[in-house]
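Q: I would like to learn how to read a model like this one. Where do we begin?

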Amino acid sequence: MPSSHAIYRSLVRLYPRDFRQEYGRDLVQHHADLVTGRGLRAAWTLTGIDLIVTLPRYRLETLMNEQRSTTALTAAITLLATGGVVSVLAGLYPGVLLLGAAILLAVAQRSALARAIRTPDSNQRRRRLGTAMVLAVIFVVCYGVYVLVIGDRWTLRETALALVGTTAMVGAVVFAIVGVLTPRSADADAHRGMPVV
């Protein structure tokens with residue numbers, strides 16, 4: 001049967017990695033001190049309550065950090081805008097509502113989006129521009145295949161190509177704009193020999 005310390009040590013692994021690396025040993029040591037000072041039952045009562053209260057909070061903070069929230073927000077806006085454009089192109093004019101929702105969401109969350117864009121990070125800039133390039137290639141390939149295979153009838157194949165191509169086109173434009181607007185970090189400019197202003 002595993003010891004109380006081993007069980008608690010395994011429960012500490014449920015905390016987010018950064019928190020665990022900084023405080024994990026202290027938590028295990030505190031549990032051991034409680035067992036020694038107050039007994040096994042009291043130690044588990046106190047540390048169990050602490051786990052129940054703090055574990056969900058730290059997990060939620062990790063999930064809801066600003067970068068992930070902004071990424072999810074950008075993806076939602078892109079999908080809504082793409083859905084709106086595709087539905088209008090397909091003749092489904094109520095799809096304009098999706099486009100309107102994308103615009104409203106972008107306007108309502110403009111400060112969060114602007115903060116994410118203005119954060120100086122050359123790696124993020126490079127990733128965004130790389131994603132724009134990959135999406136542009138996907139769009140060109142889809143468009144080329146679409147032109148080659150379009151026939152007298154509109155089939156599921158043409159629909160799939162149009163959906164993927166349009167999504168890639170909108171995503172390429174969005175990522176290119178965001179990538180260009182993302183400033184390089186001062187460290188990267190200094191490393192490349194550029195003057196840091």
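A: Begin with contact, which means heavy atoms within 4.5 Å. Take Leu51 as the case: leaving aside its neighbours within four places in sequence, Leu51 is in contact with Tyr8, Leu11, Tyr15 and Pro56. Keep in mind that this is a predicted model.

Q: Which residues make up the largest nonpolar core?
A: The general idea comes first. In soluble globular proteins, nonpolar side chains tend to be buried together. Here the largest nonpolar core has nine residues in all. They are Tyr8, Val12, Tyr15, Phe19, Leu27, Val28, Leu51, Leu55 and Tyr58. Three elements each give two or more residues to this core: α1 (4-12), α2 (17-38) and α3 (40-63).

Q: What does the secondary structure of the whole chain come to?
A: Count helices and strands, then read their order. The protein chain has nine helices and zero strands. Along the sequence the pattern is α-α-α-α-α-α-α-α-α.

Q: How many residues are in the protein chain, and what percentage of them is buried?
A: The protein chain has 197 residues, and buried residues make up 28% of them. Set the surface beside that. The chain exposes about 13400 Å², with carbon and sulfur atoms supplying 67% of it.

Q: What share of the contacts comes from residues 24 or more positions apart?
A: Take the contacts in the protein chain with a separation of 6 or more. Residues 24 or more positions apart account for 62% of these.

Q: Which residues lie nearest the centre of the second largest pocket?
A: Read a pocket by volume, then by lining. The second largest pocket has a volume of about 330 Å³. Its lining has 15 residues, of which Leu89, Trp154, Ala162, Leu163 and Thr166 lie nearest the centre. The elements giving two or more residues to this lining are α4 (66-89), α7 (122-149) and α8 (156-181).

Q: Which element gives the most to that lining?
A: Helix α8 does, with seven residues. Now sort the lining of the second largest pocket by class. It has twelve nonpolar residues, three polar residues and no charged residues.

Q: Is Thr166 buried or exposed?
A: Compare the relative accessible area with the cut-off: buried means under 20%. Thr166 has a relative accessible area of 11%, so it is buried. Its place is in helix α8. Not counting residues up to four places away in sequence, Thr166 touches Thr82, Val85 and Val86.

Q: What does Val170 touch beyond residues up to four places away in sequence?
A: Val170 touches Thr78 and Thr82. Val170 also lies in helix α8. Apply the cut-off again. Val170 has a relative accessible area of 15%, so it is buried. Check the sequence separation too. Val170 and Thr82 are 88 residues apart along the chain, yet their C-alpha atoms are separated by 6.4 Å.

Q: Which class of accessibility does Leu40 fall into?
A: Between buried and exposed there is a middle class, from 20% to 50%. Leu40 counts as partly exposed because its relative accessibility is 47%. Leu40 lies in helix α3. Not counting residues up to four places away in sequence, Leu40 touches Ser4 and Val35. The C-alpha atoms of Leu40 and Ser4 are separated by 8.0 Å, and the two residues are 36 residues apart along the chain.

Q: Where does Gly100 lie?
A: Gly100 lies in helix α5 (residues 96-108). At a relative accessible area of 28%, Gly100 is partly exposed. For spacing, use C-alpha atoms once more. Those of Gly100 and Ala81 are separated by 8.0 Å, with the two positions 19 residues apart along the chain counted as their separation.

Q: Is Arg17 buried or exposed?
A: Exposed means over 50%. Arg17 has 56% relative accessibility, so it counts as exposed. Arg17 is found in helix α2. Arg17 and Arg59 are 42 residues apart in sequence and 9.9 Å apart in space, C-alpha to C-alpha.

Key: Residues are numbered from 1 along each chain as its sequence is written. This is a predicted model: local features need pLDDT of at least 70, side-chain atom pairs count only at pLDDT 80 or more; totals for chains, interfaces and linings use all residues. Side-chain values use heavy atoms; hydrogens and water are left out. A nonpolar core is a set of buried Ala, Val, Leu, Ile, Met, Phe, Trp, Tyr and Cys residues joined through side-chain atoms within 4.5 Å. Buried means under 20% relative accessible area, exposed over 50%, partly exposed in between (1.4 Å probe, protein chains only). Helices (H or I, at least four residues) and strands (E, at least two) are DSSP runs, numbered from the N terminus. On a 1 Å grid over the protein atoms alone, a cavity is a set of points where a 1.4 Å probe fits but cannot get out, and a pocket is an open set with protein on both sides within 12 Å along at least five of seven lines; lining residues have an atom within 4 Å of a point. Grid points are joined across faces, edges and corners, and a volume is the space filled by probe spheres set on the points. Ala, Val, Leu, Ile, Met, Phe, Trp, Tyr, Cys and Pro count as nonpolar, Asp, Glu, Lys and Arg as charged, and the others, Gly among them, as polar. Accessible areas come from the Shrake-Rupley method with a 1.4 Å probe; for residues, only the protein chains shown count as cover.
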